[in-house]
Amino acid sequence: MKKLFLIPLTVVIFACGRGHKTPNQVELISPYDFHIHLDGKHVGLYTIENQNGMTVQLTNYGARIVALWVPDAEGNFRDVVFGYDNISGYRSATEDNTGPVVGRYGNRIAEGRFTIDGKEYRLEQNNNGNNLHGGSTGFAYQVWDARETSVEGNPAVVMSYRAADGEGGYPGNLDISVTYSITPDNRLVLQYEATSDAPTILNPTSHAYFNLHGTSKKSSLSHYLTINADSFTETDADLIPTGNIVPLEGTPLDFRTPTIIGERIDDDYQALAFGAGYDHNFVLATGGDISVPAARVYEPSTGIVMTVYTDQPGIQFYSGNFMDGSNVGKRGDVFDHRTGIALEAQNFPDAPNHENFPTSIIRPGDIYTQTTIYGFGVE
């Protein structure tokens, strides 16, 4: 995989005051609302922008995306991700997977157990007796180190974190970094790299919630979705894979052609009943080719198109089925039922426990890499 070439930063990271707006009417969140020390580390807010005005705000609390401003078909900028105006919003939210990098293992591991080289490891059972997104001490709850830089001339922020041996029950001291950068053609690029000093498992993913209306007042069920996949990993009622890979053809999970998300979401189909809507891992047909679109989302009322590219074998499509309106984010947006979607590039859920799934094990000397891209345009 292509390595990162880091050169001195050429784009200023904004030091904005409360309520500051850019010339494109992007409403920047104040970094002062994120200034706090947790676990002896400083939490901050970082803002990068490309020459088109596409703007991303990030916090090193959970290495998460806080805001993502892109132009609509009329040239007006809209913030298309869920988030909070301040650090206390993230710390007190019941929906605590708003925008972070999750892991060590994103998604679920059955009974919080897995085995490497004959040794069993046990993790926190934080979701119906299973482990979800690394548990309560996972990446989303950690303060990462942040460094402002650029990648191939593009503005960037590098987040890095050391997960200690035994943290969350996972073996090995794991060093991981995630570099966020913006390209001139309005792509948000996430490049991951990690190493471990002992055999361990790893499956990090970004858990951003998207709504291409730019507000939760309008449901994401109106979006047209395309997923480049012919099959999905079947699960039981707890959303744990059975090991079976099931063809999508003839099912309401078939998004090989553009389909309105809300069109079939309540169909009488067992997989939909288990997820209370869409919450499934799609087996991508891209063959790990980062140049081939893995998924595409289009909102007709704004004209915004988001295209996802990844070198990962799967993508989890979650339609916000468990949002219940109890969390209120930026600008008073209420996270109501099915108002945001997640498209999480990933290895398969519970892969450590299924020999027919891609391996998630990394060993000393291995360098784990992943690239996922969220590209934006209009039509």
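**Close-up views of a predicted model**

**View 1. Strand E19 and its two pairing partners.** In strand E22, Ile260 is the bridge partner of Tyr224, as seen in this predicted model. The pairing of E19 (residues 224-227) with E22 (residues 259-260) is antiparallel and extends over two bridges. E19 is also joined, through four bridges, to strand E24 (residues 295-299), and these two strands likewise run antiparallel; within E24, the residue that stands opposite Leu225 is Val297.

**View 2. The largest nonpolar core.** This core holds 59 residues, and those that touch the most other members are Leu68, Ile227, Phe317, Leu343 and Phe376. Strand E15 (residues 174-182) supplies the largest share of the core, with five residues. In soluble globular proteins, nonpolar side chains tend to be buried together.

**View 3. The surroundings of Leu343.** When neighbours within four places in sequence are left aside, the contacts of Leu343 include Leu225, Ala295 and Val297, together with Met306, Val308, Ile315, Gln316, Phe317 and Tyr374. Of these partners, Leu225 and Val297 stand opposite each other in the pairing with E24. A second core, separate from the largest one, has 18 residues, among them Val66, Tyr84, Ile87 and Phe335.

**View 4. The second largest cavity.** The model contains four cavities of 30 Å³ or more, and the second largest has a volume of about 70 Å³. It is lined by 14 residues, of which Asp79, Val81, Phe82, Arg331 and Asp333 are the closest to its centre. By residue class, the lining of this second largest cavity comprises four nonpolar, six polar and four charged residues.

Key
Residues are numbered from 1 along each chain as its sequence is written. This is a predicted model: local features need pLDDT of at least 70, side-chain atom pairs count only at pLDDT 80 or more; totals for chains, interfaces and linings use all residues. Side-chain values use heavy atoms; hydrogens and water are left out. Two strands pair if DSSP finds at least two bridges between them. A nonpolar core is a set of buried Ala, Val, Leu, Ile, Met, Phe, Trp, Tyr and Cys residues joined through side-chain atoms within 4.5 Å. Buried means under 20% relative accessible area, exposed over 50%, partly exposed in between (1.4 Å probe, protein chains only). Contact means heavy atoms within 4.5 Å. On a 1 Å grid over the protein atoms alone, a cavity is a set of points where a 1.4 Å probe fits but cannot get out, and a pocket is an open set with protein on both sides within 12 Å along at least five of seven lines; lining residues have an atom within 4 Å of a point. Grid points are joined across faces, edges and corners, and a volume is the space filled by probe spheres set on the points. Ala, Val, Leu, Ile, Met, Phe, Trp, Tyr, Cys and Pro count as nonpolar, Asp, Glu, Lys and Arg as charged, and the others, Gly among them, as polar.
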